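The following exercises are meant to be worked through slowly, with the sequence and the structure kept in view. Try each task before reading its solution.

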Amino acid sequence: VFHHSGRIAVEPELLKQVEVEAGAGSATAGPGALGGSIRFTTKDPSDLLKDDELVGALVKQTNYRNTKGTKVSGTVFARDSSETVSVLVSHLTSEHDNAEDGDGDEIIGTESRQELSYAKVVTNLLDEHRIAISYEKLEESGDILYKPELVASDRNVAEPTIGTRDTATLNYEFSPIGTDLIDFSMTFYKTEQEQEREYSGIAYDGAVETKGATIQNTSRIGSHKIVAGVNYRDDESTLNDVDFTPSEFEEEGKVKGVFIQDIVELTDQLTISGGVRFDDYYLQDVNDQKFDENGYSSNI
């Protein structure tokens, strides 16, 4: 039901950094990360304020000539005088007609209407503890192709489509002063994506709900940086389709993993990294078949 549909949207001015791990490798990339991993870190409210500022705002409007589109966003951020608590709230609306190609012909299925709301609260305690809670709601609609990466055809027509994603994230960090052995972090998240659409005149909808966590610690000992931790993820997917019997389908998958990775900086130009992870997978599919497998993955 989510055939090749995007799930990530973030304004660049709210991004602090993007980490890219290319290809199969580090045990820290997560379970099943055969193509590598991408990690986004958003800015804290204090990253958008100067040292003497407590409140700020950012308003932006963008006009697109090709799609006759507009995008408007507004962000407000503030912190208390002690810099213990800070808050950021952002909202974006975007609307586009179908784009035109180089010959001026309309590209069917490229229109969209999008709304994105984002909020983040950060608490810093005793210079050692940091807690960040964020919530994001994305909604996009339009007459969208079933396979958006292919041209429109009799088998790939633009149909009314509505997609939503709700994501809540909790981050906790503990970095005690005076030791390099403890740099502890926990991330818990829950995200749900839903899509309602038509295909060949048939209306159906589906959803995927994911709950997960990563808990890890980084220790620095001489030239070694040792990262160890655990991963957990639970996916539940549903599909409602009026054209089939039964009309409701469900699947559930779970994975638990434990990992350790040692990164050794031999010189400023040479780094050697090695590690291992163990993952345990479980799947109950739409035919009520159950699969349970586990195994080790090592790397150097």
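A patch, as the word is used in these exercises, is made of residues with over 30% relative accessible area and no salt bridge, where like charges are joined within 9 Å and nonpolar side chains within 5 Å. The model shown is a predicted one.

**Exercise 1. Find the residues that gather in a patch of negative charge on the surface, and decide whether Asp 105 is buried, partly exposed or exposed.**

Solution. Begin with the members of the patch, which are Glu 95, Asp 97, Glu 100, Asp 101, Asp 103, Asp 105 and Glu 106. Next, take Asp 105 and find its place, which is in the loop between strand 5 and strand 6. Finally, look at its exposure: Asp 105 has a relative accessible area of 44%, and it is therefore partly exposed, since that class lies between under 20% for buried and over 50% for exposed. For the chain as a whole, there are 27 positive and 57 negative side chains, and the centres of these two sets lie 3 Å apart.

**Exercise 2. Describe the protein chain as a whole: how many helices and strands are there, and what share of the residues counts as buried?**

Solution. Counting the elements first, we arrive at zero helices and 14 strands, so that reading from the N terminus on gives one β after another. The C-alpha atoms, taken along the principal axes, fill a box of roughly 65 × 55 × 35 Å. Of the 300 residues, 30% count as buried, while the accessible surface comes to about 18,200 Å², with 53% of it belonging to carbon and sulfur atoms. As a last step, consider the contacts between residues at least 6 apart in sequence, of which 52% join residues at least 24 apart.

**Exercise 3. Which residues form the nonpolar patch on the surface, and which strand gives the largest share of the patch?**

Solution. The members are Val 85, Val 87, Val 89, Val 121, Ile 133, Leu 170 and Phe 188, and together they have about 500 Å² of accessible area. The largest share, three residues, comes from strand 5, which covers residues 85–96. Val 87 is found in this strand, and because its relative accessible area is 35%, Val 87 is partly exposed.

**Exercise 4. Compare the phi values of Glu 83 and Leu 126 with the general rule, and locate both residues.**

Solution. The rule to start from is that most residues other than glycine have a negative phi. Glu 83, however, has a positive phi near 60°, and Leu 126 likewise has a positive phi near 60°. As for their places, Glu 83 is in the loop between strand 4 (69–79) and strand 5, whereas Leu 126 is in the loop between strand 6 (112–125) and strand 7 (129–145). With a relative accessible area of 41%, Glu 83 is partly exposed, while Leu 126, at 72%, is exposed.

**Exercise 5. Is Gly 56 buried or exposed, and which residues is it in contact with, leaving aside its neighbours within four places in sequence?**

Solution. First, place Gly 56 in strand 3, which covers residues 55–64. Its relative accessible area is 16%, so Gly 56 is buried. Apart from those neighbours within four places in sequence, Gly 56 is in contact with Leu 49, Thr 75, Val 76 and Phe 77. To finish, turn to Ala 78, which is 22 residues from Gly 56 along the chain, and whose C-alpha atom is separated from that of Gly 56 by 6.3 Å.

Methods. Residues are numbered from 1 along each chain as its sequence is written. This is a predicted model: local features need pLDDT of at least 70, side-chain atom pairs count only at pLDDT 80 or more; totals for chains, interfaces and linings use all residues. Side-chain values use heavy atoms; hydrogens and water are left out. Helices (H or I, at least four residues) and strands (E, at least two) are DSSP runs, numbered from the N terminus. Buried means under 20% relative accessible area, exposed over 50%, partly exposed in between (1.4 Å probe, protein chains only). Contact means heavy atoms within 4.5 Å. Accessible areas come from the Shrake-Rupley method with a 1.4 Å probe; for residues, only the protein chains shown count as cover. Lys and Arg count as positive and Asp and Glu as negative; His and the chain ends are not counted. The place of a charge is taken as NZ of Lys, CZ of Arg, CG of Asp or CD of Glu. A salt bridge is a side-chain nitrogen of Lys or Arg within 4 Å of a carboxyl oxygen of Asp or Glu.
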